[in-house]
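Please open the model in your viewer and keep the sequence panel beside it, as this tour moves from one selection to the next.

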Amino acid sequence: MVAAVELYLDPDATRRIRVLWDALETEGVQSMRSLLEQRHRPHVSLAVAPRFDPEQVAAALHGTVVAAPLRLEFQHAGQFVGRVLWLGPTPTPELLAHHRTVHDRLAAAGIPLAKHYHPGRWVPHCTLSMRVPNALMAAAVRRCLEVLPLAATVVGAALTDHARGIAHPLA
């Protein structure tokens with residue numbers, strides 16, 4: 001499992017993504033709703049690592065507004081290798097600058113971060129499913145396109161490690 005710094009979305013966007021999770025489940029696709037005893041909530045991760053020390057992360061991000069009220073416009077669906085399905089917000093200059101700020105603060109504190117979350121490599125996304133069967137991918141993408149475009153505002157942030165039961169809100 002991994003730990004993450006997650007950005008949470010406003011109630012309407014969260015509801016719409018949860019409805020999409022349900023629709024994917026009806027297609028036979030295990031969504032994020034089903035994983036880890038339904039502890040996931042729709043989010044965009046800014047940083048990922050195998051483990052985070054909550055106190056070290058809090059110290060590194062002190063004075064940074066992690067839950068910046070960014071406007072996100074989810075405009076596309078995507079797939080990562082390994083059958084991971086996601087919705088992607090447009091990578092605006094504001095979103096990319098915010099990501100860089102958080103990343104740079106964590107990296108300066110010596111916190112090891114997953115390389116695919118480094119600035120210039122990061123693909124902002126909201127994961128919908130980690131295991132879409134190949135035969136169901138086309139139907140799953142069609143379901144995603146039914147909810148797009150989707151506007152959202154970041155309303156919260158947290159450091160999470162679901163495998164270790166960690167969920168620390170971040171300002």
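Begin by selecting residues 11-26, which form helix α1, together with residues 137-147, which form helix α4; in this predicted model the two helices pack at an angle of about 155°, and their axes lie 10 Å apart. Because angles over 145 degrees count as roughly antiparallel, α1 and α4 are described as roughly antiparallel to each other. The crossing of α1 and α4 is right-handed.

Next, show the side chains where these helices touch: on α1 select Arg16, Leu20, Ala23, Leu24 and Thr26, and on α4 select Ala140, Arg143, Cys144 and Val147, since these residues make the contact. If you colour the contact of α1 with α4 by class, you will find six nonpolar residues, one polar residue and two charged residues.

Now keep Cys144 on screen and add Cys126 to the selection. How far is the sulfur of Cys126 from the closest cysteine sulfur? That closest sulfur belongs to Cys144 and is 9.8 Å away, which is too far for a bond, given that a disulfide requires the two sulfur atoms to be within 2.5 Å. Cys144, for its part, is in no disulfide, and its nearest cysteine sulfur is that of Cys126. The structure as a whole holds zero disulfides.

Finally, colour these two cysteines by relative accessible area. Are they buried or exposed? Cys126 is buried, with a relative accessible area of 1%, and Cys144, which you met in the contact between α1 and α4, is also buried, with a value of 0%.

Definitions and conventions: Residues are numbered from 1 along each chain as its sequence is written. This is a predicted model: local features need pLDDT of at least 70, side-chain atom pairs count only at pLDDT 80 or more; totals for chains, interfaces and linings use all residues. Side-chain values use heavy atoms; hydrogens and water are left out. Axes are lines fitted to C-alpha atoms, for helices over the stretch in contact, and angles run from 0 to 180 degrees between N-to-C directions. Helices (H or I, at least four residues) and strands (E, at least two) are DSSP runs, numbered from the N terminus. Angles under 35 degrees count as roughly parallel, over 145 as roughly antiparallel, 65 to 115 as roughly perpendicular and the rest as oblique. A crossing is left-handed if the near helix is turned anticlockwise from the far one by less than a right angle, and right-handed if clockwise. Contact means heavy atoms within 4.5 Å. Ala, Val, Leu, Ile, Met, Phe, Trp, Tyr, Cys and Pro count as nonpolar, Asp, Glu, Lys and Arg as charged, and the others, Gly among them, as polar. Buried means under 20% relative accessible area, exposed over 50%, partly exposed in between (1.4 Å probe, protein chains only).
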